[in-house]
Amino acid sequence: NLAKEKEREFYLYSKEVAKQFEVGLIVREQLPSAIEKGQLYLLYQPIVSTRDVRVRELEALVRWNHPELGNIPPSLFISVAERTGDIVRLGEWILRKAVRECSELIKRNPVGISINLSAKQLKEDEFLEIIEAVVSEYGIPTGRIQFEITERELVEATAENINILVKLKDKGFSIAIDDFGTGYSSLSYLTKFPIDTLKIDMEIIRSMEENLRNVDLVAAIIEMAHTLGMDVIAEGVETEKEFQTLRLLRCDFVQGYYFSPPAKLEELRAMLSL
Ligand code: C2E
Ligand code: MG
Ligand code: MG
Ligand code: MG
């Protein structure tokens with residue numbers, strides 16, 4: 001009976017693998033044309049100050065609505081795009097789209113946008129030229145644009161990647177470290193890069209509920225970041241309790257379903273009267 005169960009487990013497992021493989025292939029083949037076909041769009045999630053509950057910025061999060069597969073999560077297609085190299089073109093599209101869609105809002109309100117970058121995009125100086133061109137075309141101060149790069153990618157960053165980050169910083173853009181605290185024991189990189197903001201990963205935020213020691217951990221992270229002159233954003237804040245705890249710990253900003261899920265820009269504009 002156990003053997004049978006194992007067999008069934010394996011059957012289900014291999015079906016799952018086959019399905020993922022198939023999805024991987026579809027993503028690989030169809031992502032390049034998905035942009036032209038208008039299947040990609042951006043949602044935005046507010047990042048809110050714990051002091052006055054005002055929106056500081058909107059994080060752009062890409063979505064792919066595939067005609068047959070439905071919504072393909074970015075966690076899936078971004079990693080594929082990073083492997084195939086499509087991320088460079090995709091990233092450029094995201095940047096242009098976000099700046100174009102938000103430029104009016106940015107000019108009328110003291111609000112910025114936050115854009116996720118992959119290390120692969122920090123390869124060529126061409127990327128810098130594109131960013132500068134887009135920003136000047138829409139007349140947006142560079143200080144209103146924050147770029148997020150994950151801790152994982154920062155740790156593995158090349159000299160060229162770092163060089164481009166330094167140049168972005170010199171031009172006045174802000175740099176945030178995304179998903180902080182997810183599996184890297186070395187902290188020395190924190191002083192090697194020009195980082196303005198540290199985003200604590202939601203796994204750590206969630207862990208506060210399980211164990212009071214984890215609240216101490218979050219407190220220590222916030223204190224460390226402040227000592228290094230960085231602002232802190234807590235990711236994935238879902239409850240009033242988490243929000244209040246983070247406020248007491250002097251976390252600067254929160255982002256999460258508690259305040260708002262990622263939403264269409266028009267909805268946010270109405271909701272937040274931006
Ligand atoms: P991320 O940059 O850390 O984005 C935060 C993710 O957490 C988003 O998932 C968001 O929808 C989700 N989230 C926000 N608040 C909550 C909450 O309260 N609870 C829970 N459970 N989840 C919450 P999403 O949109 O699926 O994006 C996943 C990841 O894909 C992003 O993680 C980012 O690494 C990547 N990604 C998304 N858009 C882009 C993009 O335009 N460019 C690049 N390079 N990567 C992107
Ligand atoms: Mg992010
Ligand atoms: Mg994150
Ligand atoms: Mg994440």
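Here are two short exercises on the metal sites of a predicted model, each with a worked solution.

Local features here need pLDDT of at least 70, side-chain atom pairs count only at pLDDT 80 or more, and totals for chains, interfaces and linings use all residues. Residues are numbered from 1 along each chain as its sequence is written, chains are lettered from A and ligands numbered from 1 in the order in which they are written, and side-chain values use heavy atoms, with hydrogens and water left out.

**Exercise 1.** Find the protein donors of the magnesium ion (ligand 2).

*Solution.* Start with the donors (N, O and S atoms within 2.8 Å of the metal, or 3.2 Å for Na, K and Ca; water is not among the atoms, so sites may look incomplete). Glu59 (OE), Asn116 (OD1), Glu148 (OE) and Asp178 (OD) lie 2.0 to 2.2 Å from the ion. Next, read their spacing along the chain: E-x56-N-x31-E-x29-D. Then check burial (buried is under 20% relative accessible area, exposed over 50%, partly exposed in between; 1.4 Å probe, protein chains only). Glutamate 148 is buried at 1%, while asparagine 116 is partly exposed at 30%.

**Exercise 2.** Work out which residue bridges the magnesium ion (ligand 3) and the magnesium ion (ligand 2).

*Solution.* First list what coordinates ligand 3: Asp178 (OD), Asp179 (OD) and Glu235 (OE), the last one listed twice, at 2.0 to 2.4 Å. Now compare with ligand 2, where Asp178 (OD) is also one of the donors. So aspartate 178 is the bridge, and the two ions sit 4.2 Å apart. Finish with burial: aspartate 179 is partly exposed at 26%, and glutamate 235 counts as buried at 10%.
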